[in-house]
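Biologist: Could you take me through this model? I would like to begin with how the strands pair.

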Amino acid sequence: MCTMLAGLLPHRLPHQCCSYSRMLFTRCVPLPRLDAPRTRLHSQAEILTPRRFPAHFHSQVRGVKSRNGKFKGQEEEWKARNKTVLTYIAAAGVGMIGLSYAAVPLYRLYCQHMIYAYSLFYLLSPFSSFSAQLAISRRRGDPYKPGPAQGLGGMAVAGHDADQVETMKPVPERVIKITFNADRHASMQWNFRPQQTEVFVVPGETALAFYRAKNPTDKPITGISTYNVVPFEAGQYFNKIQCFCFEEQRLNPHEEVDMPVFFYIDPEFDEDPRMARVDTITLSYTFFEAKEDLMAIEFLLVIVFTPSLAHSDVFASIGHMTDLLFTERDLVTSLKDYIRAEENKLAQIKQWADKLDLLSTAATSDPDGFLGHPVNAFKLIRRLNTEWSELEHLVLTDTADAFLSNLTIQRQHFPSDEDQSGAAKALTRLLDTYQLDTDAISTGKILGSSSAYTSQSVLTVDDCFELGRVAYSEGDYYHTELWMLQALRQLEKGETPGVVDAVMILDHLSYSVYQQGELERALDFTKKLLELDSTHQRATGNRKYFEYQLAKQNKVAQSEQGGREENHQPNDYRSERKKYEQLCRGEGLKMTAWRQSRLFCRYYDNGRHPKYVIGPVKQEDEWDRPHIVRYHDILSNREMETVKELAKPRLRRATVHDPQTGQLTTAPYRVSKSAWLGAFEHPVVDRINQRIEDITGLDVSTAEDLQVANYGVGGQYEPHYDFGRKDEPDAFKELGTGNRIATWLLYMSEVQAGGATVFTDIGASVSPKKQGSAVFWYNLHPSGDGDYRTRHAACPVLLGNKWVSNKWIHERGQEFRRRCDLQEDV
């Protein structure tokens, strides 16, 4: 109504319609009244277009001036705030302008210091092209030998054996695009670029490419280049027959040269599952100015500040340890080359000495007559002026540079002290779990071991001492005694030690025996030590102390057997640990003959599943309560090798969930390395997931990725549950797929001894006897409660290389595949 009247009347409306308002031919809007708590209306046009109030309106707004002070204070406060905001905005703008001006010099400074470092990082990386050459040579069984140094601009360096180039077969159906990139250090004044941007090759086919370098300056410049291949995983298949890398290239002023790269892709590239989706490879070269002082400083910075590229926890994975064998073989080859070089140098020096010995003997017998001949006089002067200088240069020639450089590069892959300690603890763990004798381990005569390696798998006196020393540093005096006694026995049999002697062994042995409460035996070992070294201060003091303690106890000797048994099982030794070790040895199984008769083998098609109606899988009952089944011949050897190849570069030390911190952490009771493979990464992984779903009938779309694990020296995983218990409500909360309803465990290698999966609560043992077989069980009852009978463990691997893969299936998605029930077991 008000809006309609406002459109017709230019004058003020009656009080009943729009009190205290002026109309500008539009509708009225409510605004707070200044002199009354009630609401009055103003027009939107009046708000947007300020106008002078009519004279008759001033009489209706009395009392407004009395409130002007309050509004002025608020207005000043808002102005102050606005000024503050504007100040911050202006400061930010000035800062951004300053950063924009500083960005270019800062970026240039960063590049100058880091490009060379990153190039050396690629050089030292196990995925770099240099390491790739080592990897290729390992695959062929030949040691890597770098080609001869030429040192002239554009001269090539031979890098690979030409015999393989002649015999390899191309793979014409696999076309790969090779792109080229050229970089140079900020201080390098050359012009450097590739002559072509890309070429297309097939594996097993050679190709030739060129880079062009020019020195535009008025002074000679010597450069050195490094290269890398992207993706890094393809580096091991990218072989350069000739190249100009890692050698000094000298260009005179304004000289321009073409630098060839003769290369090929190894045909095995097509067989690697990781390369299935790689169709483009980039070869990149970076040139640096060869200044010895600058390069030394920057190389030192790279070594100090670049994180170590070595695998951590090497002892936790046999798969990673196999690389160490090839590393050691390369070092031995390099060492032999150094020895031959030294022998050649000494042979030349000896030949020179023998020749001069005969000459000087004849000359000194008649000096006047000898020097009377002008030729002899000339040759004497020439020898002393020239030839002796050449001999001096030969003597000063350091032939160890190549070996030391190779050793420096390979050292990044060496195991650490933690690895050595972990491997020592693993041997001790095998000693306890399988009740082995130290002599059996020392001689390598372990049940199931191959006779071909027994003669090489022996422990020396120094090895046994090191095992005892590790136990000693851990406060494990029982195992210190065992290994020190073994070292002492081998020493007494006449074995020649390295750096260890009987005094060192007896010193550790006496104290470890004393810590176990056997004072009389500790005193005997101390007396034997003093017979060998009467000046040994610690032994002298210990002897007095032990004699005093024995006298104080009225010389009551403790039973040797009692002391040993007491320390073999510490006070916190759990009964579950005893059951675990018994089951690992094949003892303590709770399967009765009647229950055994109820276990069957059958052909299984999962309710006439279309894929298994004609070709059902082989199913074997491993246990009845809970029901544990084994499926045979699930994966082929090729599929298992593909999974291993995919997982090996990603293997990291396996972690466990810490209930105290809620974080994932490594633990001494889980010694293995694992990697996670998604279904999208390779068709084989996708097929495995689908196969698990078809056989079990469970939805794997909500399951965890396929976990691939490789166990190391004495690798194990002590008793644990796969599901989250009631005291761990947030164990799988971040996944949002519920608890782990079932476990699928696939054995991907045959283990000669040990490595069984044991269930400590029910006394069951499942051995990894069949490669390619899978074990399956439910972790939860139909009611959704955890089945505590499924507490299981992975026994230490005694002999062999254990590979397994796990698929943990979760509750979500199984609502109509495994029906819930109020009862635990249905």
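Modeller: This is a predicted model. In it, strand E19 (residues 672-677) and E20 run antiparallel and are joined by six bridges.

Biologist: Which residue of E20 is the bridge partner of Lys673?

Modeller: Lys673 has Asn710 as its bridge partner in E20.

Biologist: And how many bridges join E20 to strand E29?

Modeller: Four bridges link E20 with E29, which spans residues 803-810, and these two strands also run antiparallel. Within that pairing, Asn806 in E29 stands opposite Gln707.

Biologist: Is E20 largely enclosed or not, and why?

Modeller: Strand E20 covers residues 706-711, and six of its six residues are buried, so it is largely enclosed by the rest of the structure. The cut-off for buried is under 20% relative accessible area.

Biologist: Which residues lie on each side of E20?

Modeller: Leu706, Val708 and Asn710 are on one side, while Gln707, Ala709 and Tyr711 are on the other. Both faces are covered, as the residues on either side are all buried. In a regular strand, side chains alternate between the two faces of the sheet.

Biologist: Changing topic, how many helices and strands does the protein have?

Modeller: There are 24 helices and 29 strands.

Biologist: What percentage of the residues count as buried?

Modeller: The figure is 43% of the 826 residues.

Biologist: And what about the exposed surface and the contacts?

Modeller: The protein exposes about 45,800 Å², of which carbon and sulfur atoms supply 55%. Among contacts with a separation of 6 or more, 73% are between residues 24 or more positions apart.

Key
Residues numbered from 1 in each chain as written. Predicted model: local features only at pLDDT ≥ 70, side-chain atom pairs only at ≥ 80, totals over all residues. Heavy atoms only, no water. Buried < 20%, exposed > 50% of the residue type's maximum accessible area, 1.4 Å probe, protein only. Contact = heavy atoms within 4.5 Å. Areas by Shrake-Rupley, 256 points an atom, 1.4 Å probe, with all protein chains shown as cover. Pairing = 2+ DSSP bridges.
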